[in-house]
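Take a walk through this fold, one helix at a time. The route starts at a single helix and widens to the whole chain.

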Amino acid sequence: MLNIRQKNMNCLVFDIFFYGCKGLGKSIDPDFGKGYTFTDLKRRQQMFGKIIGTGSYIPKRMITNQELTNYIDTSDEWITERTGVKKRHIMENETTADMAVEAAKKAVEHAGIEADEIDMIVVSSVSSNVILPNTACYVQDKIGAGNAFCFDINTACTGFIMAYNTVQS
């Protein structure tokens, strides 16, 4: 599972599951490997990740540019002209890890699998509220993905790409 990302400064959060395919490249064919170079065989036996479901979570509370003028010296026009943003979702009682859990639940449902079928959870974020256990382990526990190994990648804008490449390695 991946990625807490921002889109147009609206703090849109989405996570993507990568489901590791087990046993790829194994064969009972006695001719397996004949006519292939070592590199071909290695490539053929590699495991890979596959996106099988996506989910998202957006905090319920929204704040407009006009509301921001109550807290900082700015205007709706100034913000809109520079960013294009008119409103944003703001966390109140939830944390980054809680948002990842909610997105993960939706991704599991979208994939049509059970959480214990997940092999790996990768969370990419620079804004996690937890260090130990890391966010991926927190998500694993909350969704019941006891068979998954988990880790975080500390990246911002390129988080999805970094996590995706990591899973494919």
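Start with helix α5, residues 135–143. Its buried residues are Thr 135, Ala 136, Val 139, Gln 140 and Ile 143. Viewed down the axis of α5, these buried residues fall within an arc of 145°, so they line one face of the helix. The spacing has a simple background. An α-helix has 3.6 residues a turn, so residues three or four places apart point the same way. Keep in mind throughout that this is a predicted model.

Now look at the two ends of α5. At the N-terminal end, Asn 134 acts as the cap. One of its side-chain oxygens lies 3.1 Å from the backbone nitrogen of Ala 136. At the other end, α5 is followed by Gly 144. The phi of Gly 144 is positive, near 80°.

Step back to the approach into the helix. Pro 133 sits in the loop between β5 (120–124) and α5. The peptide bond from Leu 132 to Pro 133 is cis, with omega near -10°. Both the glycine and the proline features invite a general remark. Most residues other than glycine have a negative phi, and most peptide bonds are trans.

Return to the buried face and pick out Gln 140, which belongs to α5. Is Gln 140 buried or exposed? Its relative accessibility is 17%, so Gln 140 counts as buried. Leaving aside residues up to four places away in sequence, Gln 140 touches Ile 121, Ala 145, Gly 146, Ala 148 and Cys 150. Ala 145 returns that contact. With the same sequence neighbours left out, Ala 145 touches Ala 115, Asp 116, Ile 118, Ile 121 and Gln 140.

Several of these names recur in the nonpolar interior. The largest nonpolar core has 15 residues. Those with the most contacts inside it are Ile 118, Ile 121, Val 139, Ile 143, Ala 145 and Ala 148. Helix α4, strand β5 and helix α5 each supply at least two residues of this core. The largest share, four residues, comes from α4. A second, separate core has five residues, including Met 120, Val 122, Ile 153 and Ala 163.

Helix α4 spans residues 96–111 and also holds Glu 109. Glu 109 has a relative accessibility of 67%, so this residue counts as exposed. Which residue lies 7.7 Å from Glu 109, C-alpha to C-alpha? The partner is Gly 53, 56 residues apart from Glu 109 in sequence.

Turn next to the cysteines. A disulfide is a covalent bond between the sulfur atoms of two cysteines. How many disulfides does a search of the whole structure find? It finds zero. Cys 137 shows the reasoning. Its sulfur is 4.6 Å from the closest cysteine sulfur, in Cys 150. That is too far for a bond, because a disulfide requires sulfur atoms within 2.5 Å. Cys 137 is partly exposed, with a relative accessible area of 26%. Cys 157, at 70% relative accessibility, counts as exposed.

The aromatic rings come next. A pair of aromatic rings is described by the distance of the centres and the angle of the planes. The structure holds two aromatic pairs. In one, Phe 149 and Phe 151 are stacked, 6.3 Å centre to centre with 20° between the planes. Phe 151 counts as partly exposed, at 24% relative accessibility. In the other, Phe 160 and Tyr 164 are stacked, 5.9 Å centre to centre with 20° between the planes. Why are Phe 160 and Tyr 164 separated by about one helical turn? They are four residues apart in helix α6, residues 159–168, so about one helical turn separates them. Phe 160 is partly exposed, at 21% relative accessibility. Tyr 164 is partly exposed too, at 31%.

Finish with the whole chain. The protein chain has six helices and six strands. Along the sequence they follow the pattern β-α-β-β-α-α-β-α-β-α-β-α. Of the 169 residues in the protein chain, buried residues make up 37%. Contacts with a sequence separation of 6 or more can also be sorted by range. Residues 24 or more positions apart account for 71% of these contacts.

Key. Residues are numbered from 1 along each chain as its sequence is written. Side-chain values use heavy atoms; hydrogens and water are left out. Buried means under 20% relative accessible area, exposed over 50%, partly exposed in between (1.4 Å probe, protein chains only). The arc is that of the directions from the helix axis to the C-beta atoms. A polar contact is a pair of N or O atoms within 3.5 Å; within protein, one must be able to donate a hydrogen and the other to accept it, and residues adjacent in sequence count only if both atoms are side-chain atoms. Rings of Phe, Tyr and Trp (its six-membered ring) pair if their centres lie within 6.5 Å; planes under 30 degrees apart count as stacked, over 60 as edge-to-face and the rest as tilted. Contact means heavy atoms within 4.5 Å. A nonpolar core is a set of buried Ala, Val, Leu, Ile, Met, Phe, Trp, Tyr and Cys residues joined through side-chain atoms within 4.5 Å.
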